[in-house]
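Here is an informal tour for someone meeting this structure for the first time. Take a look at the model, then read on.

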Amino acid sequence: MLKRCGKFMADWRDANGRRHRAAFPTEAEALAHQARMRAMEATALMSKPLVSIVMGSDSDLEVMREAGKALDEFGIAYEMDVTSAHRSPDRTADYARKAAGRGIRVIIAGAGGAAHLAGVIAAHTTLPVIGVPIPSTSLQGMDSLLATVQMPAGIPVATVAIGKSGATNAGILAAQILALADAAIAKKLAAHKEKLARGVEEKSRKINATMEE
Ligand code: AIR
């Protein structure tokens with residue numbers, strides 16, 4: 001433990017990564033304070049949303065909920081909101097510009113039809129943006145897919161499949177991005193892959209048992 005001018009220095013980082021130090025007369029007091037602060041920050045980090053899930057309308061919620069479910073599986077805190085690239089352009093730009101400053105690390109954006117939400121958000125932030133094409137009634141989501149995926153060079157949107165599978169994968173992809181700097185999430189992702197493989201083994205066993213009957 002660092003000692004300065006006869007005092008013991010407790011040392012910790014807050015949820016935004018800023019470093020803090022406080023001086024104590026004894027090492028025991030400094031260590032106790034440091035442990036308390038580190039535990040508090042760990043809790044704050046867990047409950048602070050790292051992923052933002054946004055959608056063009058509340059009619060997209062049924063699909064976009066799947067992204068939230070995937071994040072739940074990895075214990076990743078997220079927020080959900082509605083903003084429209086066309087109906088509320090100022091709100092959308094404001095949201096995108098402020099997201100990084102609020103501690104958001106990945107944005108998942110879903111929209112249907114002329115689905116420009118993910119692209120417009122990507123235009124206003126350097127955070128990674130994952131686009132989810134919502135199945136539309138008239139063109140079954142082909143319009144949403146093309147509007148989301150066909151971004152001009154320079155402004156990427158990582159576009160996933162149309163609908164609920166895409167939303168699930170958006171959540172997993174966000175977890176994979178966060179896992180680059182978080183060993184606990186990386187471990188959960190490895191366990192997720194093992195679970196998938198065990199599921200296939202089980203299906204293979206069942207189908208082979210049926211063949212033998
Ligand atoms: N939308 C909303 N603003 C711009 C777009 N592209 C999309 C929504 C939703 C669809 O339009 O994302 O998928 C229909 O929205 P609503 O509110 O009419 O149900």
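Helices (H or I, at least four residues) are DSSP runs, numbered from the N terminus. Their axes are lines fitted to C-alpha atoms over the stretch in contact, with angles from 0 to 180 degrees between N-to-C directions. This is a predicted model, so local features need pLDDT of at least 70, side-chain atom pairs count only at pLDDT 80 or more, and totals for chains, interfaces and linings use all residues. Residues are numbered from 1 along each chain as its sequence is written.

Two helix pairs involve α6:

| Pair | Closest approach of axes | Crossing angle |
|---|---|---|
| α2 (residues 61-73) and α6 | within 7 Å | roughly 35 degrees |
| α6 (residues 164-179) and α7 (residues 183-212) | within 8 Å | roughly 135 degrees |

The second angle makes α6 oblique to α7 (neither under 35 degrees, nor over 145, nor 65 to 115). Where do α6 and α7 touch? Ala-175, Gln-176, Leu-178 and Ala-179 in α6 meet Ile-185, Ala-186 and Leu-189 in α7, contact meaning C-beta atoms, placed from the backbone, within 7 Å. That set has six nonpolar residues, one polar and no charged; Ala, Val, Leu, Ile, Met, Phe, Trp, Tyr, Cys and Pro count as nonpolar, Asp, Glu, Lys and Arg as charged, and the others, Gly among them, as polar.

Over at α2 and α6, the axes come within 7 Å. The contact includes Val-63 and Met-64 of α2, and Lys-164 and Ala-167 of α6. Its residues divide into ten nonpolar, three polar and three charged.

Now for the ligand. Of the 15 residues around it, Gly-56, Ser-57, Ser-59, Ser-84 and Gly-112 come nearest (near means a C-beta atom, placed from the backbone, within 6 Å). The shell has six nonpolar, seven polar and two charged residues.

Definitions and conventions: Helices (H or I, at least four residues) and strands (E, at least two) are DSSP runs, numbered from the N terminus. Two residues are in contact if their C-beta atoms, placed from the backbone, lie within 7 Å.
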